[in-house]
Amino acid sequence: QATNVMDALRSLIPTLRIVILSNDDYVKQVGISRGHYQRKDGKVTIFINEDTANATTLFHEAAHAIFEHFLDTNDKRLFIFHNTISRILSQDPSTEKLAKTLDDFVKGYEDGDIPREYLAQLVGELATNKKLISTNTSLIEKIRDSINAFFMKLFGIEPFPNTATISDIIDLLNTISMNLA
């Protein structure tokens, strides 16, 4: 898994390294967590605690690398996108459980960190279970429209036509996650 993620990300971030450490070594170098993304002196490192990491950890950290490569972590658009996706997921019965999982995940993070942690974990969750988003058409349309608006503000493009399916949407999100696996 780490090799595939590294290969996929290297084309975007040539200085990327993924370091997998035992719990003892990880705690000495990084602290207590499952994974950690670090940008220092122009180099990007993803640290993975091989003893405590779960299925979402590597994808979560890879999402940080992608997000931070393309936009400032304090970018107001990231906060707006997080709030929009959070609201959409929590209002749909088919994704309430996912929304609660993500909300529980970000408890304890400082307010400024919540949007990027939430979105990185969303990528991790979707990478490990594509069925987390339902085929509910109105939900798909809301997510599609939110992503299109976010990309339009960020890059000046809308990645999805009105005919986009949930697979199209998940495939875009999984460019960061599932396609790295």
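Which residues in α4 meet which residues in α6? Keep that contact in mind; the tour reaches it after an overview.

**Before selecting anything**

The model is predicted, so to speak of local features a pLDDT of at least 70 is needed, side-chain atom pairs count only at pLDDT 80 or more, and totals for chains, interfaces and linings use all residues. Residues are numbered from 1 along each chain as its sequence is written, and side-chain values use heavy atoms, with hydrogens and water left out.

**Whole chain**

Show the protein chain as a cartoon. It has eight helices and three strands. Helices (H or I, at least four residues) and strands (E, at least two) are DSSP runs, numbered from the N terminus. Read from the N terminus, the order of elements is α-β-α-β-β-α-α-α-α-α-α.

Colour by accessibility next. Of the 181 residues, 46% count as buried; buried means under 20% relative accessible area, exposed over 50%, and partly exposed in between (1.4 Å probe, protein chains only). For contacts, the cut-off is heavy atoms within 4.5 Å. Among contacts with a separation of 6 or more, 63% are between residues 24 or more positions apart.

**Stop 1: the strands**

Select I18, in strand β1 (residues 16–21). I18 counts as buried because its relative accessibility is 15%. Add I46: the two residues are 28 apart in sequence, and their C-alpha atoms are 4.7 Å apart in space.

Move to G35, in strand β2 (residues 35–40). G35 counts as buried, at 15% relative accessibility. Beyond its neighbours within four places in sequence, G35 is in contact with Y26, F47, I48, T57 and E61. T56 is 21 residues from G35 along the chain, with 9.9 Å between their C-alpha atoms.

Now select D41, in the loop between β2 and β3 (43–49). D41 is exposed, with a relative accessible area of 73%. Its phi is near 55 degrees, a positive value in a residue other than glycine.

**Stop 2: α4 against α6**

Select α4 (residues 76–91) and α6 (114–128). The two helices pack at an angle of about 55 degrees, with their axes 9 Å apart. Axes are lines fitted to C-alpha atoms, for helices over the stretch in contact, and angles run from 0 to 180 degrees between N-to-C directions. That makes α4 oblique to α6. Angles under 35 degrees count as roughly parallel, over 145 as roughly antiparallel, 65 to 115 as roughly perpendicular and the rest as oblique.

α4 passes α6 in a left-handed crossing. A crossing is left-handed if the near helix is turned anticlockwise from the far one by less than a right angle, and right-handed if clockwise.

To answer the opening question, show side chains: L78, F79, F81, H82, I85, S86 and L89 in α4 meet I114, P115, R116, Y118, L119 and L122 in α6. By class, this contact has ten nonpolar, two polar and one charged residues. Ala, Val, Leu, Ile, Met, Phe, Trp, Tyr, Cys and Pro count as nonpolar, Asp, Glu, Lys and Arg as charged, and the others, Gly among them, as polar.

**Stop 3: α5 and its two partners**

Add α5 (residues 96–106), which packs against α4 at about 135 degrees, with axes 6 Å apart. That makes α4 oblique to α5. Their crossing is left-handed. S86, L89 and S90 in α4 meet E96, L98, A99, L102 and D103 in α5.

Turn to α5 with α6, whose axes come within 9 Å and cross at roughly 135 degrees. This crossing is right-handed. The α5 residues here are L98, A99, T101, L102, D103, F105 and V106, and they meet I114, E117, Y118, Q121, L122 and E125 in α6. By class, the contact of α5 with α6 has eight nonpolar, two polar and three charged residues.

**Stop 4: the cores**

Which members of the largest nonpolar core touch the most other members? Select I85, L89, Y118, L119 and L122, out of 24 residues in this core. A nonpolar core is a set of buried Ala, Val, Leu, Ile, Met, Phe, Trp, Tyr and Cys residues joined through side-chain atoms within 4.5 Å. α3 (57–70), α4, α5, α6 and α7 (137–155) each supply at least two residues of the largest core. α6 gives the most, with seven residues. Apart from this core lies another, of twelve residues, among them L16, I18, V44 and A62.

Finish on I85. Leaving aside neighbours within four places in sequence, I85 is in contact with Y118, L122, I143 and S146.
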